[in-house]
Amino acid sequence: MGFQICFIVIFFLACSRGIGSQLLIQPEQIHLSYGERPNEMVVTWVTGNSTSLTVVEYGRRRLTQRALGNHTIFTDGGELRRSMFIHRVKITGLQPQTSYEYHVGSPAEGWSAIYSFRTVPEGVNWSPRFAIYGDMGNSNPQSLTRLQEETQRGAFDAIIHVGDIAYDMDSDNARVGDEFMRQIESVAAYIPYMTCPGNHERAYNFSNYRNRFTMPGGDGTGMYYSWNVGPAHIVSFSTEVYYYYTTDGAAKRQYEWLEADLIEANKAENRALRPWIITTAHRPMYCSDSGEPDLCSTILNFVRVGSKVYPKSLETLFYNYGVDLQFYGHNHNYERIWPVYNFKVCNGSREYPYTNPKAPVHIITGSAGCFEKHGSFLKNRLPWSAFRDSDYGFSRMTIHNNTHLYLEQVSDDKNGTVVDKMWLKKDRHGAGTFDCLW
């Protein structure tokens, strides 16, 4: 009897310190992200124990090719100090616009199920399609079923999750993070799942976020980075440096990186190839949510104007370098903002506000679903607010060509009904092209 009790205790402790599966070497939480080049794909997954190799086997019809990677140990900061092994493999030399099947694991310890992905077309003259949302949790992820269905039907080339992931990845000694990554596998194992950090990722210095996702370039941890896709240059950054990093220079480092990245993107040859510059982050610069009136309606918005520690304005930076479109989450609703700069609405014209607008356009899409439920709006509509909706849902974006971009908001509460749509049309892009100073 004593031996049996001892065995049970040891087994329980082993499971509690690993990822919670009896087969601790089996791959799980498999997800894709873009590499730094169009012919690359990065695969990330988790095991509870170390394996002899970290391998992706892949091919067009048969798994005849192999790419090797490495794994690192991630230990959560919670009381149990649960550890897991994060595996990463970069597949290079892929053919454009080609479907590949793949599985992950190792020859000695076993393999995952077989998944598939499709590479992007060659060059820049094609029309990328995205699902974009923030604030989706392990509990009440209402939009996930529809996102899974549309992903499986080939509706998207990538997903962009603008912060507040899993709600929260560190909860229950990071078991909530494990469960969420399993939940999104039916999406993220088939198309790149691109992310940025939100306030709900802040635990233990954002360690769950930094370790679980693999984003291209930037600071090397996914806190800020950029990537090119079709005719667009997309920049992801952290709004949280203004709220949780106030003394270690993080806001300054990010600002300097953003400026250097935008300077490079605005070189004549680069802006001609990829005229659209789009940013993604978590806390908005403009909004009309009633839950945080200081964030939405005053000049004290740190993301917009900077903080006392680093007072340079991101809004001015993005305006000066011709950022066309900005996506945010944080508020649990959807809001389309008029073209705006420094609290001034600068529409293209009265009849066509989004045709050659005189300032960047902002979109808030934070209603994918989490345990905190819906957000609510201020009773008085603020001048920059063009359209507001509090249904659960997500945004779809298609960049049709160099001059036309289409955005729509899907209501999951209304069974997939499109509740808002917008065409953003621009004849010219670039630094110095906005004119919102009259």
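Which residues line the largest cavity? Let's find out in three short exercises.

Before we start, note that this is a predicted model, where local features need pLDDT (the predictor's confidence in each residue, from 0 to 100) of at least 70, side-chain atom pairs count only at pLDDT 80 or more, and totals for chains, interfaces and linings use all residues. Residues are numbered from 1 along each chain as its sequence is written, and side-chain values use heavy atoms, with hydrogens and water left out.

**Exercise 1. Describe the largest cavity and its lining.**

Step 1: Begin with the term. On a 1 Å grid over the protein atoms alone, a cavity is a set of points where a 1.4 Å probe fits but cannot get out; a pocket is an open set with protein on both sides within 12 Å along at least five of seven lines; lining residues have an atom within 4 Å of a point.

Step 2: Look for the space. The whole structure holds 2 cavities of 30 Å³ or more, and the largest has a volume of about 40 Å³. A volume is the space filled by probe spheres set on the points, with grid points joined across faces, edges and corners.

Step 3: Name the lining. Met169, Asp170, His200, Glu201, Ala203, Asn208 and Tyr209 surround this cavity.

Step 4: Sort by class. There are 3 nonpolar, 2 polar and 2 charged residues. Here Ala, Val, Leu, Ile, Met, Phe, Trp, Tyr, Cys and Pro count as nonpolar, Asp, Glu, Lys and Arg as charged, and the others, Gly among them, as polar.

**Exercise 2. Explore the largest pocket.**

Step 1: Its space is about 470 Å³. Of the 26 residues that line this pocket, the closest to its centre are Glu36, Trp227, Asn228, His233 and Arg274.

Step 2: Both β15 (225–229) and α6 (250–265) supply at least two lining residues each. Helices (H or I, at least four residues) and strands (E, at least two) are DSSP runs, numbered from the N terminus.

Step 3: The lining divides into 11 nonpolar, 9 polar and 6 charged residues.

**Exercise 3. Find the edges of the 6-stranded open sheet.**

Step 1: Read the order, β14-β12-β10-β24-β25-β26, with mixed pairing. Two strands pair if DSSP finds at least two bridges between them.

Step 2: β14 (193–196) and β26 (417–425) each have a single partner strand, so one side of each is left without a neighbour in the sheet.

Step 3: Check one pair. Parallel strands β10 (residues 129–133) and β12 (residues 158–162) are joined by 4 bridges, and Phe130 has Ala158 in β12 as its bridge partner.
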